[in-house]
Amino acid sequence: MYHPRLYGEFYEMGLRYGNLLRDKANFVLPKISDQKTKFGLESYKELQEYYPEIVQEIRGFAEGIKDKPEKLGTFLSSLGVYDTTGQCSVFAFRNKDAVIIGRNYDMLFDFKKFTESSLIAPKEKYSYISQSDVFIGRSDGINEKGLSIAMSFVNGTEVQPGIGFHFIIRKVLENCSNTEQAVNLVQETKVASATNFLIADKSGEIAVVESAPQKSVVRRPEKHENFIYITNQFVTKEMKRFDQGGVEWSKSAERYNGLKINLKSIENMDLQKAKEILSDKCVCLNLQKEKFGTIWSVVANLNELKIERAETKPTPTNYKPETRLDWWLKKRNK
């Protein structure tokens with residue numbers, strides 16, 4: 001897993017990272033199909049209106065790798081639309097004095113070599129720690145305000161040229177300080193494909209946005225429950241018709257039930273218990289035949305901004321502390 005530290009103007013962050021990947025890894029953009037190219041180009045036009053700052057970062061990165069911004073933007077905007085391979089498990093639990101989140105990212109084992117955990121601190125935006133298997137876009141993260149967001153794929157019935165989850169998560173982390181702001185931002189976005197977004201903040205506001213091109217619905221914890229969780233399906237009556245299923249191979253229902261059973265059994269959550277849940281064989285994927293499973297796992301106390309991460313299949317003892325956000329906040333505030 002790469003561990004870049006990116007801060008400053010958006011264009012500068014992109015240029016530095018593009019230069020680094022070109023010099024150290026001889027990075028070149030992968031080729032994509034004509035279908036993805038057409039879709040990605042239309043979506044990139046949407047991105048230019050949605051979040052022009054990210055477009056500046058794309059321009060800087062493209063210069064760094066000696067390629068065209070439109071080609072890079074098209075590639076990034078096509079991701080996760082036609083190949084919804086990733087399968088994930090996420091939860092948030094609110095205690096009286098702290099909110100704990102846990103997240104497993106499940107993907108083909110071959111993707112381990114592309115994973116990165118980044119400190120990103122854009123000028124005049126919130127700084128944050130986030131994980132991804134693609135540069136620039138993000139799959140989950142926690143910002144300096146104690147706001148967390150993580151996604152999980154859903155095999156939706158429609159796609160449309162729009163904004164991919166990678167960019168939605170970045171905009172949330174960089175601009176939102178609480179759950180309600182993040183929920184509103186997600187719901188106002190013209191999304192490209194079906195996705196679950198689990199959002200939590202340090203005040204204890206936790207929610208899931210079940211999002212699809214046709215519609216979105218906000219789901220809150222059930223009555224008398226102080227937790228919420230997602231895997232790879234919609235669960236509300238309103239959204240089930242936009243989910244075509246086909247995720248039995250990744251044990252989405254089993255993981256969902258595994259989270260439910262584990263979370264119901266706990267009165268007070270801490271990081272150690274969160275690690276144990278994410279390592280449970282009912283939640284953590286390890287599909288050897290498919291060469292697929294959990295390739296990173298994150299737990300965090302949002303009130304203390306205490307973050308720990310396992311950069312492979314998680315166990316209760318293989319997480320390491322993440323200290324870069326604390327380092328940056330101290331550096332910035334000097």
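Begin the tour by selecting helix α6 (residues 179-188), which lies across β7, β8, β9 and β10 and runs at about 160° to β8. Contact here means heavy atoms within 4.5 Å; axes are lines fitted to C-alpha atoms, for helices over the stretch in contact, and angles run from 0 to 180 degrees between N-to-C directions. Helices (H or I, at least four residues) and strands (E, at least two) are DSSP runs, numbered from the N terminus.

The model is predicted: local features need pLDDT of at least 70, side-chain atom pairs count only at pLDDT 80 or more, and totals for chains, interfaces and linings use all residues. Residues are numbered from 1 along each chain as its sequence is written, and side-chain values use heavy atoms, with hydrogens and water left out.

Next, select helix α5 (residues 165-175). It lies across β4, β5 (128-132), β6 (140-143), β7 (147-153) and β8, at about 170° to β7.

**The sheet**

Now display the strands together. An open sheet of 8 strands appears in the order β1-β4-β5-β6-β7-β8-β9-β10, with mixed pairing; two strands pair if DSSP finds at least two bridges between them. β1 (5-8) and β10 stand at the edges with a single partner strand each, so one side of each has no neighbour in the sheet. Neighbouring strands of this sheet are turned by 15° against each other on average, direction ignored.

**The β10 edge**

Select strand β8 (residues 195-201) and β9: 6 bridges join them, and they run antiparallel. Within this pair, Ala200 has Ile206 of β9 as its bridge partner. Moving on, strand β9 (residues 206-211) is joined to β10 by 4 bridges, again antiparallel. These two strands form a hairpin with 4 residues between them, and Val209 has Val218 of β10 as its bridge partner. On strand β10 (residues 216-219), Val217 and Arg219 make up the covered face, while Ser216 and Val218 make up the uncovered one.

**The β1 edge and β4**

At the other edge, 4 bridges join β1 to β4, and the two run parallel. Leu6 stands opposite Ile120 in β4. How many residues of β4 are buried? The count is 7 of its 7 residues, where buried means under 20% relative accessible area, exposed over 50%, and partly exposed in between (1.4 Å probe, protein chains only). In a regular strand the side chains alternate between the two faces of the sheet. In β4, Glu116, Ser118, Ile120 and Pro122 point one way and Ser117, Leu119 and Ala121 the other way.

Continue to β5, which is joined to β4 by 5 bridges and runs antiparallel to it; Ser118 stands opposite Ser130 in β5. The hairpin of β4 and β5 has 5 residues between the strands, and there Glu124 takes a positive phi near 65°. Glu124 is exposed, with a relative accessible area of 76%.

**A second positive phi**

Select Asn26, in the loop between α1 (10-25) and α2 (34-50). Its phi is near 50°, a positive value in a residue other than glycine. Asn26 counts as exposed because its relative accessibility is 62%.

**The largest cavity**

Finally, select Leu6, Tyr17, Glu57, Phe61, Glu116, Ile120, Ile136, Arg138 and Arg170, which line the largest cavity. On a 1 Å grid over the protein atoms alone, a cavity is a set of points where a 1.4 Å probe fits but cannot get out, and lining residues have an atom within 4 Å of a point. α3 (52-64) and β4 (116-122) each supply at least two residues of this lining.

Definitions and conventions:
1 Å grid on protein atoms, 1.4 Å probe; cavity = no way out; pocket = protein on both sides within 12 Å on 5 of 7 lines; lining within 4 Å.
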